[in-house]
Amino acid sequence: MNSKKIAAVLPARALIAGAAAALKERIEDVNVLNVFPVPDGDTGTNMSLTLESVVNDVSKLSDDASMEELCKAATHGSLMGARGNSGVILSQIVRGICEGMVASEGFEPVERLATAFEKAKEVAYQAVRKPVEGTMLTVISDMARAARAAADAGLELEEALDGVSAAAHESVRRTPDLLPVLKEANVVDAGGFGLVIVFDAFVALFLGREIADIAHFDPARSNAMQVVPVDDWDDDEFLYCTEFLFYGDQLDKEQGLDYLGTTGGSELIVGTDGQFKVHVHTDNPAEILGFFLKQGDLAEVHIHNMKQQQEAQSEAAADAPVEHKSIATIAVAPSDGLANILTSLGVDYVITGGQTMNPSTQDFIDAANKLSADNFVLMPNNKNIVMAAQAAATALSVPAVVVPTTNVPASFSAMLVFNPGANNLDDLAAEMLEIAEDVRCGEITAAIKDSKAAEVGTIKKGEIIGIVDAKDIVAKGSSVSEVAMALLPKLGAADCENLTLLAGEDFSDKDLEALAEEIEAQWPDLEIDNQRGDQPLYPLLMACE
């Protein structure tokens, strides 16, 4: 068959839309391949949302748009919509293909195919600081190799496309041989599988074929998780958000927290060396201010009526003037409780997101556009959001740096050394990261599927598991408290000075207090700070520092 006579039966933007739709139909088939048995099976979701952004941008073009116009729109859409590590890597694959297609204008079709995939491989690998084989990076590498072999062999375009598809399938099948964690879980790489779905659908549409079912590789099946929005105001809550700086050498933090706990909720005291930030939700702010005035000096006192604040939120967002800052901070948090703590520590804007709902590059840019600043510091607070934050930092029109925090408590510590008047943005980010890395974070959740982990062996669906630093499952049990006690030694509790307990929305105050007492009995020298994070999915977060 003469490759020059092969023509797409649909315009390019329709091909892209069709490939995106094919992935959207298979989202859960991709999500279920995520290795961890925790509620983070979102690779398919992130890749699909990234492609939806591409579709949105290219749909604005006419059917006769040039290749350069198409590639510019696709590159922009993929970057702005990139969510999670898989979405960001996919956006770089899209960018590389586009750059290769534009650079090879006028070449023979198969040579253009090879050039595009070689560029995609190059750009994708450059996007990852420590590339890991057995992932979608390996798959795009094998696809590029197959495309080049087809060009060198003088194959026709249809044969070349089929060869690249076959190489992609084989690459996905062998990902468990390259990445032990996949072999242990008996799954293939989720991102690579998603990439195969997209490519096969695109090729089928391009050649006028039916989109055939793609091999499932026999992944385990689990029910999709539902994320339900929660109204963040309850008339039974305390009315006033009260926060201030306290200066004094005589403050006993534990005594202060005990007092705040008797007069309000969401209490927080952070700081050292006579300088502290105090935050509490209460109905009696004057009483609290009086208590602390007896022990030292106060500054920057802020009292907000939270009910009025919420009722006026939309109008205020549209009309209120924005204070200009030299350096503004943006962070990510999955709940209002954690967001309130972040804002009390000085974070200027909190993006709602986290596990199962990774913000996109565009979300970071939109947040920055709502602020007025000469520089930005971005804290993603989740390993799957770091790359989207980095992409946003590059795309912003003003200097921006990413402090690559992988959990919210790490950003609490980072904000303690944030200097809004810093002269060197990179030095500031390095200082914030240094203190953030001293925080060991434990996450407790329920397994959403049967699995295995090296340290704890077989895990049953519904079993409570404990994770260290978002990486290793090191404890399991039948209750949150049981797992918390088993997890603490793994966090180095014996060497920690401070332990912060952040109760999720499903962990009661009574259970939180009981756990704190049990921990105190075993580690009497550990200073424990109980907080309500009210985060979804994770009944308890623990931060040792």
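**Exercise 1. Glu431 and its charged surroundings**

Task: Classify the exposure of Glu431, place this residue in the secondary structure, and list the members of the negative surface patch that contains Glu431.

Solution:
- Step 1. Glu431 has a relative accessible area of 42%, so this residue is partly exposed. The classes are buried (under 20% relative accessible area), exposed (over 50%) and partly exposed in between, with a 1.4 Å probe and protein chains only. The areas come from the Shrake-Rupley method with a 1.4 Å probe, and for residues only the protein chains shown count as cover.
- Step 2. A word on the input: this is a predicted model, in which local features need pLDDT of at least 70 and side-chain atom pairs count only at pLDDT 80 or more, while totals for chains, interfaces and linings use all residues. Residues are numbered from 1 along each chain as its sequence is written, and side-chain values use heavy atoms, with hydrogens and water left out.
- Step 3. Helix H20, which covers residues 425-436, holds Glu431. Helices (H or I, at least four residues) and strands (E, at least two) are DSSP runs numbered from the N terminus.
- Step 4. Together with Glu431, the negative patch is built from Asp426, Asp427, Glu434, Glu437, Asp438, Glu497 and Glu545. Patch members have over 30% relative accessible area and no salt bridge; like charges are joined within 9 Å, and nonpolar side chains (Val, Leu, Ile, Met, Phe, Trp, Tyr) within 5 Å. Lys and Arg count as positive, Asp and Glu as negative, and His and the chain ends are not counted. The charge is placed at NZ of Lys, CZ of Arg, CG of Asp or CD of Glu.

**Exercise 2. Salt bridges, local and long-range**

Task: Find how many salt bridges the whole structure has, then work through the pairs Glu99 and Arg95, Asp348 and Lys325, and Asp534 and Arg532.

Solution:
- Step 1. The search of the whole structure returns 20 salt bridges. Each one needs a side-chain nitrogen of Lys or Arg within 4 Å of a carboxyl oxygen of Asp or Glu.
- Step 2. Glu99 and Arg95 pair up at 2.9 Å, N to O. Both sit in helix H5 (residues 84-103), and because they are 4 residues apart, about one helical turn separates them. Glu99 is partly exposed at 31%, and Arg95 is partly exposed at 29%.
- Step 3. Now extend the pair: a network of salt bridges links Arg95 and Glu99 with Lys119 and Glu122.
- Step 4. Asp348 and Lys325 meet at 2.3 Å, N to O. This bridge links distant parts of the chain, 23 residues apart: Lys325 lies in strand E5 (residues 324-333), and Asp348 in the loop between helix H16 (336-344) and strand E6 (349-352). Asp348 has 23% relative accessibility and is partly exposed; Lys325, at 27%, is partly exposed.
- Step 5. For Asp534 and Arg532, the closest N and O atoms are 2.9 Å apart. Asp534 is partly exposed at 31%, whereas Arg532 is buried at 17%.

**Exercise 3. Cysteines without a partner**

Task: Count the disulfides, and explain why Cys441 and Cys544 form no such bond.

Solution:
- Step 1. A disulfide is a covalent bond between the sulfur atoms of two cysteines. The test asks for two cysteine sulfur atoms within 2.5 Å.
- Step 2. The count for this structure is 0.
- Step 3. For Cys441, the closest cysteine sulfur belongs to Cys544 and is 9.5 Å away, which is too far for a bond. For Cys544, the closest is that of Cys496 at 3.2 Å, again too far for a bond.
- Step 4. Cys441 is buried at 1% relative accessibility, and Cys544 is buried at 0%.

**Exercise 4. Positive phi and a strand contact**

Task: Locate Ala470 and Leu537, give their phi values, and then find the C-alpha separation of Leu501 and Met542.

Solution:
- Step 1. Ala470 lies in the loop between strand E12 (464-468) and strand E13 (472-477). Its phi is near 60 degrees, a positive value in a residue other than glycine. Ala470 is buried, with 13% relative accessible area.
- Step 2. Leu537 belongs to the loop between E15 and strand E16 (540-544). Its phi is near 70 degrees, also positive in a residue other than glycine. Leu537 is partly exposed at 26%.
- Step 3. Leu501, in strand E14 (residues 498-503), is buried at 0% relative accessible area. The C-alpha atoms of Leu501 and Met542 are separated by 4.8 Å, with their positions 41 residues apart along the chain.
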